[in-house]
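Subject: The structure we talked about

Hi there,

Here is the structure I promised to pass on, with my notes underneath. Have a look at it first, then read on whenever you have a moment.

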Amino acid sequence: MTLPAPLLAVLGIALLTGMDAVVKGQMQQHPFIVALFMRFAAGSVFALAAVAITRPPAPTRASVMGNLARVPVVVMTAGSFFYSVSVLPLAEALTLSFLAPVFVALMGTLMLGERLDRRILQALGCGLAGMLVMVWPRLQGEVSGAGLGVAAALFSAVTYAFNLVLLRRIALRERPAVIVLFQNAGPALCLAIPAFLYAVPLSGADLVAYALAGALGVAGHFLLTTAFARAPASRLAPIEYTALIWASLLGWLLFAEVPPWTTYAGAVLIVAGAVAVSRR
């Protein structure tokens, strides 16, 4: 039985949010750089398995160059996002990442010469308002610290948007298994030496947790890739915001996180802006 594309997208988002929660838990026990490296190293193992099973054609030189160009961007995106997750409630960090579609539209204007129309300006306004609503308690000192976490989440949204612009150039001519392998193995190689310098002993339970994170990440990306291959992006894009539901639930169950009401009020504004900029 073939699952419908929307359900595949929902499952993919759920798995990726689960991966975020697993890595957040490990970052509470291990140095940040070690946890980040292990996330990509474990993902590389499962991505290699996927390539061995699917046996895609060898990538072309242009594909290799395009995928390699994304590696430092993936490292910056994941590094800043997981740092924000380590110091912010999971739901809050994910909500700030919803600004990415707005930044994609803005980059299209700046990098591709697209027209800066009213729709983009409205989305920027909604996104900015939502961000201010979310971080206002922190600015007032009502919620403890984590200013760097907010900045990291915003930086992650910007680099993720740039990553999407780069991905669009190779996604139509390269197999998903190859793309997923590059975006796991490349960062793992980049982070290997820094992680070695801060290496700590890992227990069997730690290795199982990182393996789970790698499996969730690869499976989630494959489900999303399959969903977007079967249905228009405009139909599936709103499903990305179900991540807030999973993040709120996992944050509460695993970390006893109860974000302030401003997180959800800001999320409404940010999502409204992202939806507005996605309309055709």
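How far does helix H3 (residues 61-87) reach from its first C-alpha to its last? The span is 40 Å for 27 residues, close to the 39 Å expected at 1.5 Å a residue. Even so, H3 bends by about 30° at Pro72. Please keep in mind throughout that this is a predicted model.

Now for the overall picture. The protein has 12 helices and zero strands, so if you read the elements from the N terminus on, you meet α every time. Of the 280 residues, 50% are buried. Among contacts with a separation of 6 or more, 90% are between residues 24 or more positions apart.

Helix H8 (residues 176-197) is worth a look alongside H3. H8 has 22 residues and reaches 33 Å from first C-alpha to last, close to the 32 Å expected at 1.5 Å a residue. There is a bend here too, of about 45° at Leu191, and Pro194 follows within four residues.

Next, the charged residues. How many salt bridges does a search of the whole structure find? The search finds one. Glu257 and Lys24 form a salt bridge, with their closest N and O atoms 3.0 Å apart. This pair links distant parts of the chain: Glu257 sits in the loop between H11 and H12, Lys24 belongs to helix H1 (residues 5-27), and 233 residues separate them. Are the two partners buried or exposed? Glu257 has a relative accessible area of 14%, under the 20% limit, and therefore counts as buried. Lys24 is buried as well, because its relative accessible area is 3%.

Glu257 has further partners in its surroundings. The loop that holds Glu257 runs between helix H11 (243-255) and helix H12 (261-278). Leaving aside neighbours within four places in sequence, Glu257 is in contact with Lys24, Leu88, Pro89, Leu90, Gly251 and Trp252. Pro89 is 168 residues away from Glu257 in sequence, yet their C-alpha atoms are 6.1 Å apart in space. At Leu90, the backbone nitrogen lies 2.8 Å from a polar atom of the Glu257 side chain. The side chains of Glu257 and Lys24 are also joined by a polar contact of 3.0 Å.

Then there are two charged residues that are buried without a salt bridge, Arg39 and Asp20. Arg39 lies in helix H2 (residues 32-54), while Asp20 lies in helix H1. What is the nearest side chain of opposite charge to Arg39? That is Asp20, 6.7 Å away. Seen from Asp20, the nearest side chain of opposite charge is Arg39. The pair is not counted as a salt bridge because 6.7 Å is not within the 4 Å that a salt bridge requires.

The contacts of these two, not counting residues up to four places away in sequence, are as follows:

- Arg39 is in contact with Met19, Val23, Phe82, Asn184, Tyr210, Gly214 and His221.
- Asp20 touches Phe81, Phe82, Val85, Leu90 and Leu94.

Phe82 appears in both lists, and Leu90 is a contact of Asp20 as well as of Glu257.

Two backbone details may catch your eye when you go through the loops. Arg55 has a positive phi of about 50° although it is not a glycine. You will find Arg55 in the loop between H2 and H3, and it is exposed, with a relative accessible area of 70%. Ala256 is not a glycine either, and has a positive phi of about 55°. Ala256 lies in the loop between H11 and H12. At 63% relative accessibility, Ala256 counts as exposed, whereas Glu257 in that loop is buried at 14%.

One last residue for your list is Val150, in helix H7 (residues 147-171). Val150 is buried, with a relative accessible area of 9%. Along the chain, Val150 and Glu92 are 58 residues apart, and their C-alpha atoms are separated by 8.8 Å.

If you only have time for one spot, I would start from the salt bridge between Glu257 and Lys24. Happy browsing!

Best wishes

Terms used: Residues are numbered from 1 along each chain as its sequence is written. This is a predicted model: local features need pLDDT of at least 70, side-chain atom pairs count only at pLDDT 80 or more; totals for chains, interfaces and linings use all residues. Side-chain values use heavy atoms; hydrogens and water are left out. Buried means under 20% relative accessible area, exposed over 50%, partly exposed in between (1.4 Å probe, protein chains only). Lys and Arg count as positive and Asp and Glu as negative; His and the chain ends are not counted. Contact means heavy atoms within 4.5 Å. The expected span of a helix is 1.5 Å times one less than its number of residues. The bend at a residue is the angle between axes fitted to the seven residues ending there and the seven starting there. A polar contact is a pair of N or O atoms within 3.5 Å; within protein, one must be able to donate a hydrogen and the other to accept it, and residues adjacent in sequence count only if both atoms are side-chain atoms.
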